[in-house]
Amino acid sequence: MADETPIEELVQVAVDGGVARVTINRPDAGNSLTASMRDHLADVFDELSATLGVRAVVLTGAGDRHFCTGAGLGGPQKPGPARPENAPDRALGDVSRMIRQGWQRLVCSILDCEKPIIAAVNGTAAGGGANLVLACDLVLMADSARLIEVFVRRGIMPDAGGCYLLPRIVGLHRAKELMFFGDDVSAADAERIGIANRVVPAAELEKVTTEWADRLATAPTKAVTMTKWLLNRSFESGRHTALEEESYAQELVQATADAGEGMKSFLERRSPDFHGW
């Protein structure tokens, strides 16, 4: 696609019934993300996090070949700060700042989003795209999809939080295998080692994703939010901190309208009608 394509076309957002569907729409380039797409996608997740009418998010790629193949070339770049005369083109700190403000910010916008995010992996997820999958809360993969920690095959090391996320999902030695060799991981193997929650025939991915998203969109959203927060912190928290934060989260959630509705519906022996607050 041409560089002048509106960003809203390259990163499409559609909201229906409490579910926001975010589609990376650059199929001719493997659904890779230019810098402007990457930054806009992070902004999208920040906005969806704060939107009460959104209660679940689906992230997917356009077409049936690629979910996201990582960083893409082309597209406008944000101008950097002015440099003194005779300063080098790249100074100490420039690269780490670019990483922090780029792919790391995007991954954190998924991890910190107050809504559950389903990765509907319709095709190849490689490099940064693979790590976007790891950052999501639930992963559904088409049986034809694959995941590749491709960095070593390009002579570089993983970024986008991969070395933090992958060992927490598959274990340290398995993560080293996947990252040292950079081999393709089939959908079946991704499910076997714990990356994918479920693998479905490609023709059924949309149907199953919608079913899962609709269930989340009728759940008590704030309870799910705080559960996500506690689970994401569980690998860093000691027992004392984890239990203290659990009690704090319980107090917050029990004060929500949905918690009251849950108890009332239980006593009245009916299905609850949660509103997300």
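These legends accompany several views of a predicted model.

In this model, local features need pLDDT of at least 70, side-chain atom pairs count only at pLDDT 80 or more, and totals for chains, interfaces and linings use all residues. Residues are numbered from 1 along each chain as its sequence is written, and side-chain values use heavy atoms, with hydrogens and water left out.

**View 1. The whole chain, with its 12 helices and 10 strands.** Helices (H or I, at least four residues) and strands (E, at least two) are DSSP runs, numbered from the N terminus. The radius of gyration is 20 Å, close to the 19 Å from the globule rule for 277 residues, so the chain is as compact as a globular protein of that length. That radius is taken over C-alpha atoms, and the rule is 2.2 Å times the number of residues to the power 0.38.

**View 2. The largest nonpolar core, with 63 residues.** Such a core joins buried Ala, Val, Leu, Ile, Met, Phe, Trp, Tyr and Cys residues through side-chain atoms within 4.5 Å; buried means under 20% relative accessible area, exposed over 50%, partly exposed in between (1.4 Å probe, protein chains only). Leu33, Leu59, Phe67, Val121, Leu132 and Ile195 have the most contacts inside the core.

**View 3. Leu59 and its surroundings.** Leaving aside neighbours within four places in sequence, Leu59 is in contact (heavy atoms within 4.5 Å) with residues including Val22, Phe45, Phe67, Ile118 and Cys136.

**View 4. Arg239 in helix α11, residues 239-254.** Here we meet an exposed residue, with 72% relative accessibility. Its C-alpha atom is 36 Å from that of Val152, 87 residues away along the chain.
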